Amino acid sequence: RDVAPSRGLGDVYKRQYHMRSELMPYIYSSVWQTHSTMVSLNRPMYIDYGSDERAYENEQEFLFGDILLAAPIASPGEGADKTASQKVWFPAGDVWYDYFTHERFDGGQECRIAKPLEEFPLYVRGGWVLPMQPYTERMCSTPLTELIVRCYPGKEGANNTYILYEDDGLTQDYLQGKYATTRLNYQKSGGQTIITVSPVEGTYEGQPRKRAYRIELPGIPVQARVSVNGKKVRTTPNQELNGVIVPIKVMDIHKPVVIKIQ
């Protein structure tokens, strides 16, 4: 895409680099999934939605792991923000949320999405746990001492589990079984949402024994009742997220974290 000199291309690159670092727990886990299952990291829509004819008609988009959908823009941008657009098909059966604006899109529709240079069509599947981390320069090898758990609202009856994968990020010790996994589950039923971070399984050199959590809940109103491990907690409104945040202090990684939202 063409770049306006006044926009500061360096700032755009910096934001994308920071975003990659923040998403590294998801990216790293998805690459491990590819290694384990041979299901490609970037995959055409018909791999997951083969029964829908539109999955074969939208070559401009792809799934990035299990939770993210991307539709890169390849056309020139216009105006001061170099805004360009792309057609996005949202598969039926799921709810999708814009990663940057947190806008909701119900599945089963096609939309023409316009984005400025610093953004692109990237969507999170609702009803799943997206693991993230604070920005760090050494995004693969810095110990995950704070896990960001971002959960966009799913549909009634949702029950989905994503596996967080960790190793030392430096050696091939994982080939000898030196790695750790954590089950991240999202359930929604009867007006109640339960997010569970299960105890960590497995060990590796340099593994943190404790970590803090930042539970990010886009789309959840500030008046919602939230509890952590059975204790009612106060949420923090976050306008940028269009939802609330629940910080959880450092605790043993072998203890579960159960968040209930009503």
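Student: In which strand does Leu130 lie?

Tutor: Helices and strands are DSSP runs, numbered from the N terminus (helices are H or I runs of at least four residues, strands E runs of at least two). Leu130 lies in strand β9, which covers residues 129-132. This is a predicted model, in which local features need a pLDDT of at least 70 and side-chain atom pairs count only at pLDDT 80 or more, while totals for chains, interfaces and linings use all residues. Residues are numbered from 1 along each chain as its sequence is written, and side-chain values use heavy atoms, with hydrogens and water left out.

Student: Is Leu130 buried or exposed?

Tutor: A residue is buried under 20% relative accessible area, exposed over 50% and partly exposed in between, with a 1.4 Å probe and protein chains only. Leu130 is buried, because its relative accessible area is 0%.

Student: Which residues does Leu130 touch?

Tutor: A contact means heavy atoms within 4.5 Å. Residues up to four places away in sequence are not counted; beyond them, Leu130 touches Leu23, Tyr26, Ile67, Leu68, Tyr99, Val124, Ile148, Val149 and Arg150. One may also compare C-alpha positions: those of Leu130 and Cys151 are separated by 6.3 Å, with the two positions 21 residues apart along the chain.

Student: Where is Leu23, one of those partners, found?

Tutor: Leu23 is in the loop between α1 (9-22) and α2 (24-37). Leu23 counts as buried, because its relative accessibility is 4%. Its contacts, again without residues up to four places away, are Leu68, Tyr99, Leu130, Pro131 and Met132. Leu23 and Ile148 are 125 residues apart along the chain, and their C-alpha atoms are separated by 9.5 Å.

Student: What is in contact with Thr181?

Tutor: Thr181 belongs to strand β12, residues 180-189, and counts as buried because its relative accessibility is 15%. Its neighbours within four places aside, Thr181 is in contact with Trp32, Ile163, Leu164, Tyr165, Pro199, Val200 and Glu201.

Student: Which value of phi does His102 have?

Tutor: The phi of His102 is near 70°, a positive value in a residue other than glycine. His102 lies in the loop between β5 (95-98) and β6 (104-106) and, at 9% relative accessibility, counts as buried. Asn229 is not a glycine either, and has a positive phi of about 50°. Asn229 is in the loop between β15 (226-228) and β16 (231-233); with a relative accessible area of 40%, Asn229 is partly exposed.

Student: How many helices and strands are there in the protein chain?

Tutor: The protein chain has 3 helices and 19 strands. Of its 262 residues, 48% count as buried. Among contacts with a separation of 6 or more, 64% join residues 24 or more positions apart.

Student: What radius of gyration does the protein chain have?

Tutor: The radius of gyration is taken over C-alpha atoms, and the globule rule is 2.2 Å times the number of residues to the power 0.38. The protein chain has 19 Å, which agrees with the value near 18 Å for a compact globule of 262 residues.

Student: What pLDDT does the protein chain average?

Tutor: The pLDDT is the predictor's confidence in each residue, from 0 to 100. The protein chain averages 94, and 97% of the residues score at least 70. Over residues 1-6, however, the pLDDT is below 50, and this stretch has 18 contacts in the model beyond near neighbours in sequence. Where pLDDT is low, the predicted coordinates should not be read in detail.
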